[in-house]
Amino acid sequence: MDNDNKKTKEAPKIIHENEGHILELIDEDVQSVNAFRSQFKEESSPVVRNNEVKIEKEKEEPTTKKETFNENGKRKIDLQHSKVLKDVDETQFRQYQKAKYRVRNFYKEQHEKQTMAYNLQARINFKTKKRASMPIWTALCKLSKLIDDSDPDTELSQIDHAIQTAEAIRADGKPRWMQLVGLIHDLGKILYFFDSEGQWDVVGDTFPVGCEFSKDIIFHEFFKNNPDFNHPIYSSKYGIYEPHCGLKALMLSWGHDEYMYYIAKGQSTFNDQALAMIRYHSFYPWHREDAYRHLMCDDDYRILEVVRDFNKYDLYSKSDLRYDLAEIKPYYLELIEEFFPNELVDF
Ligand SMILES: [Fe+2]
Ligand SMILES: [Fe+2]
């Protein structure tokens, strides 16, 4: 707690003490960091001084596909059109209130430690440190040693989850690029073996830092010990962001989604839908609970449909079924070669 408080106070120093040259190495993050800096300069901005002031009329949400809700007000997920998922009972997943101690304990730590200061430092570390180069399949095999503490729905290793997801997408006749996304969407969890401080900065649902933590984030109560929870800017509705700035401008909590997004963006030929599936698949408060609409731009509604389509396979393919790795390996090696031009990938 004391350490984290200290980190929060030090955050502006990272920018102001002639270390800006490091941040300029951080391509997409520069936009967010510049917004962060301008919040301190533009004290007269109504966004900074009073987040309750409506600086523009709230946008109407574009009409998306017709959605239905169950008796608890939760969105009903359409699994009927999937050959492999149509018999799945969706109510049996993400039951956090019944979750084991390890899951609850994980979220307590994650919510207390994912701060703006940590996020900036993790991005700098990612862009300035070298880790390892290896083929995608080798990296996947390393995941066989990892059981995700945040996941209440599986106790199998991560390579089993990767293959279950990919095989479900394949069985439904989805495009080859999406099958490969299924296989590698969680490959960023390899970060656990390199640079992480534990599982709290690798796995779990994601959320933006730098603005108010949505009540729709699972175990929201654990944020009260996060140093940003009472920060004058980071605890406000818009925080460091502009209304409808778009998801790309958000600094999502650091973990396997962001990490793998940057690796895939730089080293694969994936389209923007594939990259969005990787980047936002753990952003449940957004794609499942409808939070953060006030930060979305128009194009994000297209991305939302894409991510929701992927999420069905990520979540509901979880089962006790284990595949024979030797049998399916040749098919996926070919897929990897198709979208990752270099055999060795820099992680
Ligand atoms: Fe994930
Ligand atoms: Fe996953």
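Okay, so this protein has 14 helices and four strands, where helices (H or I, at least four residues) and strands (E, at least two) are DSSP runs numbered from the N terminus. Keep in mind that this is a predicted model, where local features need pLDDT of at least 70, side-chain atom pairs count only at pLDDT 80 or more, and totals for chains, interfaces and linings use all residues. Residues are numbered from 1 along each chain as its sequence is written, while chains are lettered from A and ligands numbered from 1 in the order in which they are written.

Of the 347 residues, 40% are buried. Buried here means 20 or more other C-beta atoms within 10 Å of the residue's own, exposed means 12 or fewer, and partly exposed is in between, with C-beta atoms placed from the backbone. As for contacts (C-beta atoms, placed from the backbone, within 7 Å), take those with a separation of 6 or more: 76% of them join residues 24 or more positions apart.

Now, the binding site. The unreviewed UniProt entry puts that feature at His161, His185, Asp186, His256, His281 and Asp314; positions are in the numbering used here, feature names are shortened, and annotations may be inferred rather than shown by experiment.

Let's take two of those. Histidine 256 sits in helix H10, residues 256-267, and counts as buried because it has 26 C-beta neighbours inside 10 Å. Beyond four places in sequence, its contacts are Asp186, Gly188, Lys189, Leu191, Val202 and Val203, and Asp186 is itself on the UniProt list.

Histidine 281 is in the loop between H11 and helix H12 (284-287). It's buried too, with 24 other C-beta atoms within 10 Å. Past four places in sequence, histidine 281 touches His185, Asp257, Val307, Phe310, Asn311 and Asp314.

So how do H11 and H13 meet? The axes of H11 (residues 272-280) and H13 (residues 300-316) come within 9 Å and cross at roughly 70 degrees. The axes are lines fitted to C-alpha atoms over the stretch in contact, with angles from 0 to 180 degrees between N-to-C directions. That makes H11 roughly perpendicular to H13, a label for 65 to 115 degrees; under 35 is roughly parallel, over 145 roughly antiparallel, and the rest oblique. On the H11 side we have Gln273, Ala276, Met277 and Tyr280, meeting Ile303, Val306, Val307 and Phe310 in H13.

One last histidine: 231 is in the loop between strand E2 (208-209) and strand E3 (251-252). With 17 C-beta neighbours inside 10 Å, histidine 231 counts as partly exposed.

Definitions and conventions: Two residues are in contact if their C-beta atoms, placed from the backbone, lie within 7 Å.
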